[in-house]
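Colleague: I would like to learn how to read a protein model. Could you take me through one, feature by feature?

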Amino acid sequence: MQKQETAIYVPVKSARVQWYFLNRTEAFRLKFDSDSDLLVGYKLYEDAVKAGRLRFAGSESFAILSISINDRVREALAMGQQFDESVEDKTNAPLWRVFSKGLAILANPVNAAIWSQHLKTRVEEEQPDSGAKKPAAKAKSGK
């Protein structure tokens, strides 16, 4: 039987991603600069992208950190009351909440893998093809 992975998607500033990877323990301790007493991450990638676009609307880009844990780690965090589910009030999006002691566990690379994806804040709208033809190239005369 294949182990299920749980992903916690966290929107963050693009400029800080490299620092997070280089200073993993400190990044988890700081809750990825979330200014909160716990780390809140989205259950669904799409919800994290929407939240990131809203939160970082004033900047050109942002990143989504994907923190992946297996069932064994998830169960240990839940038993220690360091990990639970909730719902965001504004968007009704399902969330994962990880408390301080749980973050210390996730800071260990053995317990959690981290990936990042950089995204543009604004979605570029595709321009419909107007059907206008490009001007034909001028032929050189042989004189």
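Modeller: What follows goes from confidence to fold, cores, a lone lysine and salt bridges.

Modeller: This is a predicted model; local features need pLDDT of at least 70, side-chain atom pairs count only at pLDDT 80 or more, and totals for chains, interfaces and linings use all residues. Residues are numbered from 1 along each chain as its sequence is written, and side-chain values use heavy atoms, with hydrogens and water left out.

Colleague: What is the mean pLDDT of the protein chain, and where does pLDDT stay under 50?

Modeller: pLDDT is the predictor's confidence in each residue, from 0 to 100. The chain's mean is 84, and 83% of its residues reach 70 or more. Over residues 130-143 pLDDT stays under 50. That stretch has zero contacts (heavy atoms within 4.5 Å) beyond four places in sequence. Where pLDDT is low, predicted coordinates should not be read in detail.

Colleague: Which pattern does the chain follow along the sequence?

Modeller: Helices (H or I, at least four residues) and strands (E, at least two) are DSSP runs, numbered from the N terminus. Here there are five helices and six strands. Their order is β-α-α-β-α-β-α-β-β-α-β. Among the elements, α1 has the highest mean pLDDT, 96, and strand β4 (residues 83-87) the lowest, 88.

Colleague: Which residues touch the most other members of the largest nonpolar core?

Modeller: In soluble globular proteins, nonpolar side chains tend to be buried together. Buried means under 20% relative accessible area, exposed over 50%, partly exposed in between (1.4 Å probe, protein chains only). A nonpolar core is a set of buried Ala, Val, Leu, Ile, Met, Phe, Trp, Tyr and Cys residues joined through side-chain atoms within 4.5 Å. The largest has 23 residues; Ile8, Val12, Phe28, Phe32, Ile67 and Leu106 touch the most other members. Elements giving two or more residues include β1 (5-12), α2 (24-29) and α5 (100-106). Strand β3 gives the most, with four residues. Apart from this core lies another, of 12 residues, among them Val49, Phe62, Leu95 and Leu119.

Colleague: Which residues of helix α3 are buried?

Modeller: In α3 (residues 45-55) they are Asp47, Ala48, Val49, Ala51 and Gly52. Their cover includes β1, β2, β3, β5 and β6 (113-120).

Colleague: Where is Lys31, and which side chain of opposite charge is nearest?

Modeller: Lys and Arg count as positive, Asp and Glu as negative; His and the chain ends are not counted. A salt bridge is a side-chain nitrogen of Lys or Arg within 4 Å of a carboxyl oxygen of Asp or Glu. Lys31 sits in the loop between α2 and β2 (39-42). Lys31 is buried yet has no salt bridge; the nearest opposite charge, Asp37, is 7.5 Å away. Beyond four places in sequence, the contacts of Lys31 include Ser36, Ser100 and Leu103.

Colleague: How many salt bridges are there?

Modeller: Six by this rule. Lys120 and Glu60 meet at 3.6 Å, N to O. They link distant parts of the chain: Lys120 in strand β6, Glu60 in the loop between α3 and β3, 60 residues apart. Glu60 is exposed at 58% relative accessible area, and Lys120 is partly exposed at 48%.

Colleague: Which partners do Asp84 and Glu85 pair with?

Modeller: Asp84 pairs with Arg97, the closest N and O atoms being 2.9 Å apart. This pair joins strand β4 to strand β5. Shared partners join Lys43, Arg74 and Glu85 into one salt-bridge network. Within it, Glu85 bridges to Arg74, with closest N and O atoms 4.0 Å apart.
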